[in-house]
Amino acid sequence: MYPIAASYRPPNRDNGAMHTADTPDQHWMRHALAAAREAAAAGEVPVGAVLVRQGELLAVAGNAPITLHDPTAHAEVRVLRAAAQRLQNYRLGGTTLYVTLEPCAMCAAALLHARVERVVFGAWDPRAGAVGSRLNLFQLPGQHHPIDFIGGVLADDCGAMLNAFFAARRNVPNA
């Protein structure tokens, strides 16, 4: 099942509306969005991530630094930890990480060390993004295991969730 979030359920796309078929990147990003919604429901910044290898979901997680009292409990790091435990290997070659927000420097470095092959993210993070917005750790000279990446997949959905979360926080006294 899902190593981290036992309550996680894949996104329900059967809402009666007509839609075109998702690309694989959109499909997995919708799973990451579902994990982000769970994080938001727990009072966390709504960021979700999934790690996939050859079409198999290895791990899923949402942000949890507040809940776990752990500044490293970003969705990306939690997914890497769960997948490494599941596979009994810290090297996660051949995997793709889907995350709703551009990784920060901590997460980008962890992805490099884990040897993730590809990263797909939704919303760009102009304040702390480390895969192109503020800096790009994936393209520094001398990388032994470069990571391919693409940003902007379902960016409107990912960004809207983040914007709504922070707008609600700004409107709550003493939040």
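**Exercise 1. Pairing around L101**

Find the bridge partner of L101 in β4, and state in which sense the two strands pair.

Solution.
Step 1. In this predicted model, L101 has A123 of β4 as its bridge partner.
Step 2. Strand β3 covers residues 95-101 and strand β4 covers residues 118-123; they pair in the parallel sense over 5 bridges.
Step 3. Strands of a sheet pair through backbone hydrogen bonds, either parallel or antiparallel.
Step 4. Helix α5 (residues 155-170) packs on the sheet and touches β3 and β4. The direction of α5 makes about 60° with that of β4.

**Exercise 2. The sheet as a whole**

Give the order of the strands in the sheet, and name its edge strands.

Solution.
Step 1. The sheet is open, has 5 strands with mixed pairing, and runs in the order β2-β1-β3-β4-β5.
Step 2. The edge strands, each pairing on one side only, are β2 (56-62) and β5 (148-151).
Step 3. On average, neighbouring strands of this sheet are turned by 15° against each other, direction ignored.
Step 4. For the wider setting, the chain holds 5 helices and 5 strands. Along the sequence they follow the pattern α-β-β-α-α-β-α-β-β-α.

**Exercise 3. The β1-β2 hairpin**

Work out how β1 and β2 are joined, and whether β2 is enclosed or open to its surroundings.

Solution.
Step 1. β1 and β2 run antiparallel and are joined by 6 bridges.
Step 2. The two strands form a hairpin with 2 residues between them. Q54, in the turn, has a positive phi of about 50°.
Step 3. L51 has A59 of β2 as its bridge partner.
Step 4. A59 has 0% relative accessibility and counts as buried, the cut-off being under 20%.
Step 5. The strand follows suit: 6 of the 7 residues of β2 are buried, so β2 is largely enclosed by the rest of the structure.
Step 6. A59 and L80 are 21 residues apart in sequence, and their C-alpha atoms are 7.8 Å apart in space. L80 is one of the buried residues of α3, the helix taken up next.

**Exercise 4. Helix α3**

Check the length of α3 against its number of residues, then list what its buried residues pack against.

Solution.
Step 1. α3 has 13 residues; at 1.5 Å a residue, with one less than the number of residues counted, it should span 18 Å.
Step 2. The end C-alpha atoms of α3 are 18 Å apart, which agrees.
Step 3. The buried residues of α3 are A75, E76, V77, R78, V79, L80, A82, A83 and A84.
Step 4. These buried residues pack against β1 (48-53), β2, α2 (65-68), β3 and α4 (105-114).
Step 5. After α3 comes Q88, with a positive phi near 55°.

**Exercise 5. Salt bridges**

State how many salt bridges the model has, and describe the partners of R118, E56 and D22.

Solution.
Step 1. The count comes to 5 salt bridges, with a limit of 4 Å between nitrogen and oxygen. Side chains of opposite charge can pair when their charged atoms come close.
Step 2. R118 meets D25 in a salt bridge, at 2.7 Å from N to O. R118 lies in strand β4 and D25 in helix α1 (residues 24-41), so this pair ties together parts that are 93 residues apart in sequence.
Step 3. R118 is partly exposed at 25% relative accessibility, whereas D25 is buried at 15%.
Step 4. E56 forms a salt bridge with R86, with the closest N and O atoms 2.7 Å apart. E56 sits in strand β2 and R86 in helix α3 (residues 75-87), 30 residues apart, so to the extent of that gap distant parts of the chain are linked.
Step 5. Both ends of this pair are partly exposed: E56 at 40% relative accessibility and R86 at 37%.
Step 6. Salt bridges that share partners join D22, R30 and D157 into one network. Within it, the closest N and O atoms of D22 and R30 are 2.7 Å apart.
Step 7. D22 is partly exposed at 25% relative accessibility, while R30 is buried at 18%.

**Exercise 6. The chain in totals**

State what share of the chain is buried, and what share of its contacts is between residues 24 or more positions apart.

Solution.
Step 1. Of the 175 residues, 44% count as buried.
Step 2. Among contacts with a separation of 6 or more, 57% are between residues 24 or more positions apart.
Step 3. The chain exposes about 9300 Å², and carbon and sulfur atoms supply 54% of that area.

How values were computed: Residues are numbered from 1 along each chain as its sequence is written. This is a predicted model: local features need pLDDT of at least 70, side-chain atom pairs count only at pLDDT 80 or more; totals for chains, interfaces and linings use all residues. Side-chain values use heavy atoms; hydrogens and water are left out. Two strands pair if DSSP finds at least two bridges between them. Helices (H or I, at least four residues) and strands (E, at least two) are DSSP runs, numbered from the N terminus. Axes are lines fitted to C-alpha atoms, for helices over the stretch in contact, and angles run from 0 to 180 degrees between N-to-C directions. Contact means heavy atoms within 4.5 Å. Buried means under 20% relative accessible area, exposed over 50%, partly exposed in between (1.4 Å probe, protein chains only). Accessible areas come from the Shrake-Rupley method with a 1.4 Å probe; for residues, only the protein chains shown count as cover. A salt bridge is a side-chain nitrogen of Lys or Arg within 4 Å of a carboxyl oxygen of Asp or Glu.
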